[in-house]
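Biologist: I should like to learn how to read the features of a protein model. Could we take them one at a time?

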Amino acid sequence: MFITGLGTAVPAQCFTQRECWETLKQSVRYQQFSPRSRAILKQVLNGRNGIAARHLALDTLAQAFEVTPDVLHERFARNAPLLAARAAELALADSGHQAGEIDALLISTCTGYLCPGLTSYVSERLGCRPDILCLDLVGQGCVAALPNLCAGEALLAAGRCQRVLSICVEVCSAALYFDDDPGVLISACLFGDGAGAAVLASSPNGKRPVKWRTSGFLLQPKCRDLLRFEHKTGMLRNILSPQVPAVAAQYAATVLDQVLSRSGVRRSQLQGWVMHPGGRDVLLALRERLGLSEHDLRWSAAVLRKFGNLSSASVYFVLQAALADSAPGGYWWLSSFGAGFSCHGALLEVN
C-alpha cells in the first residue's frame with residue numbers, strides 16, 4: 001500500500017492558550033471551580049505545556065462554556081462533515097485523483113455520533129460514487145488513525161479496492177465537560193479540533209513514494225480505565241489519568257520492538273519518527289523510553305505547539321509536516337495510541 005495524498009483541515013478560529021485563560025477567568029464557570037481546580041487551570045494554560053494555540057469550532061471562547069447535550073451535538077453535526085470533507089478534498093488534490101475514483105471511504109471519530117454516519121455526509125459533499133464502500137469507525141479515541149489505515153490496507157490487499165480514502169475527524173470542542181476532576185480540566189486545556197485525510201492506493205503515483213511495509217498493534221483492556229470517554233448527564237466526559245504518558249511510552253516501545261523483529265529492520269535504520277503528539281508529558285515519556293532526541297520528535301512537537309492534541313487526526317498532521325520538511329528517506333516509524341488502552345505502529349518506507 002502507498003499513501004499517495006495527504007490533506008489536513010482545522011476550523012478558521014484559532015485561540016492562544018493565553019486567550020483561553022483570560023476568557024476562562026472572567027467566566028461564571030471559573031468561579032464555580034474549587035481553588036485547587038483554578039490553580040490547575042492557571043498552571044496548564046499559562047505554563048510550558050508544549051501548546052501555544054488551538055483551533056476550535058467556536059465563534060467566541062465564551063461558547064466553550066455552553067455545554068448542554070443539544071449544543072454539543074449540534075456543534076459536532078455541523079463541523080465534523082465540513083472538516084472531514086475539506087481535508088479529503090486536499091488529500092485528493094495532493095494525490096491527483098477525483099472523488100469518483102475512490103472505491104472505499106473510511107472515517108474515524110470519537111467526539112460525536114451520527115446515524116447515518118459521517119460517511120453519508122462526506123461522500124455526498126465530495127461527490128463520491130453511489131456504490132462506494134463506506135465504513136464508519138467510531139470509539140477508538142486518539143489511536144484511530146492507524147486502525148483506519150490498516151483497514152484500508154486490507155481492502156487494497158484483498159483486491160476489493162484500488163483506491164481508499166482514509167479520514168479521521170475530531171471536534172473536541174463538541175466533547176467539552178467541566179468539573180473539578182484534574183483529568184477533565186487538563187483535557188479541556190489540551191485538545192483542539194481538526195481532520196486529517198489520506199488517499200491510499202496499491203501503487204505509487206509519481207510523488208515521493210510513502211510505502212506501508214507492515215504494522216503491529218497491542219491492546220491492554222486492563223488499562224482501559226486510564227484513558228476513555230464516559231457518558232455523564234448526557235455528555236461525553238473524558239477520563240485522563242496521570243499514568244497515561246508512561247503507559248503510552250511502554251506500549252509504543254513494545255509494538256516497535258515487535259514490528260522491527262518481525263520485519264528484520266534494525267532500529268538504527270529508522271530515519272523518521274511520526275508519533276502521535278498526545279501532550280508534552282507524552283512526548284517526554286516517548287523520548288525517555290525510546291531513547292529519542294528532541295530533534296527526532298520535532299514534527300510531533302511542532303503539531304502539538306500549533307494545534308494542541310487533535311486526537312485521532314494528529315498523525316496525519318505530523319506525517320504531512322515530516323514530508324514538507326524533506327525528511328531523509330528510508331524507514332520511518334508511524335505510531336498512535338489511545339483509549340483501550342491500545343497502541344498501533346506501522347513501518348513506512350519513504351524514498
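Biologist: How many residues does helix α6 have, and how far does it reach from its first C-alpha to its last?

Modeller: Some conventions come beforehand: this is a predicted model, in which local features need pLDDT of at least 70 and side-chain atom pairs count only at pLDDT 80 or more, while totals for chains, interfaces and linings use all residues. Residues are numbered from 1 along each chain as its sequence is written, and side-chain values use heavy atoms, with hydrogens and water left out. Helices (H or I, at least four residues) and strands (E, at least two) are DSSP runs, numbered from the N terminus. The expected span of a helix is 1.5 Å times one less than its number of residues. Helix α6, residues 145–157, has 13 residues and reaches 18 Å, close to the 18 Å expected. After α6 comes G159, with a positive phi near 80 degrees.

Biologist: Which residues of α6 are buried?

Modeller: Buried means under 20% relative accessible area, exposed over 50%, and partly exposed in between (1.4 Å probe, protein chains only). In α6 the buried residues are A145, L146, P147, N148, L149, C150, G152, L155 and L156. Across the protein, buried residues make up 57% of the 351 residues.

Biologist: How does one read a strand, and which strand is joined to β1?

Modeller: In a regular strand the side chains alternate between the two faces of the sheet. Two strands pair if DSSP finds at least two bridges between them. Strand β1 (residues 2–9) is joined by 7 bridges to β7 (residues 194–201), and the two run antiparallel. Within this pair, A9 stands opposite A195. Strand β1 is mostly covered, with 8 of its 8 residues buried.

Biologist: Where is D180 found, and which residues does D180 touch?

Modeller: A contact means heavy atoms within 4.5 Å. D180 is in the loop between β6 (163–170) and α7 (182–190). Leaving aside residues up to four places away in sequence, D180 touches F33, S34, S37 and L185. D180 counts as partly exposed because its relative accessibility is 34%.

Biologist: What polar contact joins D180 and S37?

Modeller: A polar contact is a pair of N or O atoms within 3.5 Å; within protein, one must be able to donate a hydrogen and the other to accept it, and residues adjacent in sequence count only if both atoms are side-chain atoms. The side chains of D180 and S37 are joined at 2.6 Å. The side chain of D180 also reaches the backbone nitrogen of S34, at 3.0 Å.

Biologist: Why is C189 not bonded to the closest cysteine?

Modeller: A disulfide is a pair of cysteine sulfur atoms within 2.5 Å. The sulfur of C189 is 7.7 Å from the closest cysteine sulfur, that of C20, which is too far for a bond. C189 is buried, at a relative accessible area of 4%, whereas C115 counts as exposed at 67% relative accessibility. By this rule the count of disulfides is 0.

Biologist: Which residues does Q320 touch?

Modeller: Q320 lies in helix α11 (residues 314–324). Not counting residues up to four places away in sequence, Q320 touches L6, G7 and T8. At 28% relative accessibility, Q320 counts as partly exposed.

Biologist: How many helices and strands does the protein have?

Modeller: The secondary structure comes to 11 helices and 13 strands. Along its principal axes, the C-alpha trace spans about 55 × 45 × 35 Å.
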